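I opened this entry to look up the pockets of the model and the residues that line them.

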Amino acid sequence: MTTVTDRTVLRDALGLLKDREQIAERLLESSAKHSFDPDRELDWEAPPVEGKWYWPPELVSLYDTPLWKKMPEEQRMELARHEAAALASLGIWFEIILMQLLVRHIYDKSLTSNHVRYALTEIADECRHSMMFARMIKAGGAPAYPVSRVNHNLARVLKTISTTPGSFACTLLGEEILDWMQRLTFPDERIQPLVRGVTRIHVVEEARHVRYAREELRRQMLTAPRWEQELTRISCGEAARVFSLAFVNPAVYDNVGLDRREAVAQVRASGHRREVMQTGAKRLTDFLDDIGVLRGVGRRLWKSSGLLA
């Protein structure tokens with residue numbers, strides 16, 4: 001770390017950190033050019049297209065398991081429809097947490113700064129995303145799938161005790177794996193047009209959120225006290241463990257006529273599913289490793305989550 005003309009210049013393994021206000025200014029410019037109103041952009045009244053999936057089959061939890069191979073195509077597509085609703089429900093839960101963490105982050109900061117202005121812009125994006133996901137669930141005809149009460153209350157604790165770097169580490173955990181899946185979904189012509197439209201909007205706007213969180217986490221891991229850095233490693237690892245479990249809601253199996261215990265056991269044993277989750281997390285885990293988050297107990301927790309090879 002060096003000082004130049006009264007301004008602190010920060011550098012980590014990824015290089016020089018850019019000025020916080022300049023980053024926010026560019027993100028605000030991008031938001032002005034590439035933001036969407038889902039109520040106007042998407043055709044919510046169009047009926048579903050017969051024969052199209054609600055989620056790519058390769059991303060469905062049971063894909064390539066013995067149970068999947070026994071299932072008729074209609075039941076596979078029904079499972080995909082319910083898993084799309086479950087993932088959208090997970091997304092809403094997570095975005096509500098994220099909005100609260102962002103409000104906490106800016107509470108003590110300059111309200112006229114670009115950094116705070118962008119955080120408020122992101123909160124507005126997440127409000128629209130949550131409403132968009134809820135509307136997509138209803139349009140698809142599957143029920144909403146709330147997370148378990150245990151995870152719901154664990155998140156309540158997280159929101160209360162999370163430090164700033166911990167908040168941004170958990171933000172990236174929730175954003176980047178779903179983003180990877182959605183990048184495979186929106187160009188896929190096998191998928192329902194409405195789902196493709198929803199995932200396209202989310203991918204475009206989420207790219208800015210990821211940039212904001214990554215830059216801030218890099219800054220925090222350089223400037224936070226050592227105890228806070230270590231707490232971030234542990235809390236992020238525990239969040240990875242919880243998130244990996246919440247990623248599949250077992251109630252979907254009941255609702256498509258499958259044996260829940262057998263389905264859950266086969267998902268846990270599935271090499272394909274493990275590869276999907278680790279591939280989806282790899283860009284994030286590489287980044288976290290580079291900036292010093294994946295160390296010690298935190299790294300072991302990430303490995304136990306199944307998201308890190």
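I started with the question of which helices supply the lining of the largest pocket, keeping in mind that the model is predicted. Helix 4 (73–106), helix 9 (226–246), helix 11 (260–269), helix 12 (271–290) and helix 13 (296–305) each supply at least two residues of that lining, and helix 4 gives the most, with four residues.

I then looked up the volume of the largest pocket, which comes to about 620 Å³. I noted that 27 residues line this pocket, and that Ser244, Leu245, Val248, Val267 and Arg268 are the closest to its centre. Sorting the lining of the largest pocket by class, I found 15 nonpolar, nine polar and three charged residues.

Next I turned to the second largest pocket, for which I recorded a volume of about 460 Å³. The lining of this second largest pocket consists of 22 residues, of which Leu154, Leu158, Cys170, Ser235 and Ala239 are the closest to the centre. The elements that give two or more residues to its lining are helix 4, helix 6 (149–161), helix 7 (164–185) and helix 9.

Which helix provides the largest share of the lining of the second largest pocket? I found that helix 9 does, with seven residues. By class, I listed 16 nonpolar, five polar and one charged residues in the lining of the second largest pocket.

As a last cross-check I went back to the helix lists: helix 4 and helix 9 each supply at least two residues to the lining of the largest pocket, and both also appear among the elements that give two or more residues to the lining of the second largest pocket.

Definitions and conventions. Residues numbered from 1 in each chain as written. Predicted model: local features only at pLDDT ≥ 70, side-chain atom pairs only at ≥ 80, totals over all residues. Heavy atoms only, no water. 1 Å grid on protein atoms, 1.4 Å probe; cavity = no way out; pocket = protein on both sides within 12 Å on 5 of 7 lines; lining within 4 Å. Points joined across faces, edges and corners; volume = space filled by probe spheres on them. Nonpolar A, V, L, I, M, F, W, Y, C, P; charged D, E, K, R; others polar.
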